[in-house]
Amino acid sequence: MKIELENRLAVITGASSGIGLALCRLLLQGGARVLAFSRTPGGLDELLSVYPDQLVWQPGDVTSQEDLQGLAQRAASLGPVDFLVPCAGHVELASALDLAAQERQWAVNGAGALNTLAVLANQLATQSSVVFLGSFLSRCTFAGLAGHIAGKAALMAQARNLAKEFAPLQVRINMVSPGPTATGFWEQLGLNDDELDALAEQVGRRLLPGHFLEAASVARVIVFQLSEGARGVYGQDWVVDNGYTLG
Ligand SMILES: NC(=O)c1ccc[n+]([C@@H]2O[C@H](COP(=O)([O-])OP(=O)(O)OC[C@H]3O[C@@H](n4cnc5c(N)ncnc54)[C@H](OP(=O)(O)O)[C@@H]3O)[C@@H](O)[C@H]2O)c1
């Protein structure tokens, strides 16, 4: 089945690395136009040199209302938004009772994602599609990540309700929850190399193919969920986790 991407406009936050960057690449390869948002260009520099006519980078922080307004203005100059994926993510290892850490994560993963939708809501095209990023962790426990998990679970609750709110506008809202994916996410935890290796080995034991997901594997599912092929899907959370949550 061919996914129709030609000339469609996608807005992607967290576009400079990992899953967001892989998603930008797939959409650009399919002929879409991409408005990419992140604080640094990261891997977008390479894509900008390959797709100068399709890709626009808007620097900014999803925790800044002013930066999000800048994103909305940039989007308005490009046309109605067909696809929106708030992919920016922040993770910290912290006690479940460290509410300041939970707030910092929510500011990006939860409020950041919802505010991104809020500033773009009136620019969404008819038959457009929004995909939020959840996490495999919402279905299990993980020492040190309670605040992160709580935010992703709350975002899922928002996504399900927003799906109903936006359906009359012919906008579909869903979520993809990645499992352990080889991206900068794990480096954000601030562990040293030995600790990271030990964690990777521990996590890897639960992954059915025996290795972390590639960012492109998650991005492919997001593209399908964005597409008309998934037109009957509303308010769902698709887990793409190499089998981790099977236990
Ligand atoms: N990798 C995994 O195993 C995994 C598992 C479950 C869920 N996820 C979710 O997947 C999403 C993407 O994460 P990833 O794995 O691709 O991690 P990543 O490689 O670390 O990418 C995070 C992205 O978010 C951007 N970002 C962070 N804070 C931002 C802010 N305040 N404003 C704007 N952009 C910001 C970063 O760009 P700049 O630094 O340039 O701003 C970067 O592009 C996240 O929502 C994460 O929670 C990942």
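**Fold, burial and ligand shell of a predicted model**

Tutor: The chain holds 8 helices and 7 strands, where helices (H or I, at least four residues) and strands (E, at least two) are DSSP runs numbered from the N terminus. This is a predicted model: local features need pLDDT of at least 70, side-chain atom pairs count only at pLDDT 80 or more, and totals for chains, interfaces and linings use all residues. Residues are numbered from 1 along each chain as its sequence is written.

Student: What makes the chain as compact as a globular protein of that length?

Tutor: The globule rule, 2.2 Å times the number of residues to the power 0.38, gives 18 Å for 247 residues. The radius of gyration, taken over C-alpha atoms, is 17 Å and close to that value, so the chain is as compact as a globular protein of that length. The C-alpha trace spans about 45 × 35 × 35 Å along its principal axes.

Student: Why is Thr-183 called buried?

Tutor: A residue is buried if 20 or more other C-beta atoms, placed from the backbone, lie within 10 Å of its own, exposed if 12 or fewer, and partly exposed in between. Thr-183 has 22 C-beta neighbours inside 10 Å, and therefore counts as buried. Of the 247 residues of the chain, 43% count as buried.

Student: Where is Thr-183 placed, and which residues does Thr-183 touch, not counting those up to four places away in sequence?

Tutor: Thr-183 lies in the loop between β6 and α7 (193–204). With that exclusion, Thr-183 touches Ser-17, Gly-18, Ile-19 and Ala-215, contact being C-beta atoms, placed from the backbone, within 7 Å. Thr-183 and Gly-18 are 165 residues apart in sequence, yet 4.8 Å apart in space, C-alpha to C-alpha.

Student: How do you know that the span of helix α8 agrees with its number of residues?

Tutor: The expected span is 1.5 Å times one less than the number of residues. For the 12 residues of α8 (residues 215–226) this gives 16 Å, and the end C-alpha atoms are 17 Å apart, which agrees.

Student: Which residues of α8 are buried, and what puts them on the same side of α8?

Tutor: The buried residues of α8 are Ala-215, Val-218, Ala-219, Ile-222, Val-223, Gln-225 and Leu-226. They cover an arc of only 160° around the axis, which puts them on the same side of α8; the arc is that of the directions from the helix axis to the C-beta atoms. These buried residues pack against α1, β4 (81–86), β5 (124–133), β6 (171–178) and β7 (237–240).

How values were computed
Contact = placed C-beta atoms within 7 Å.
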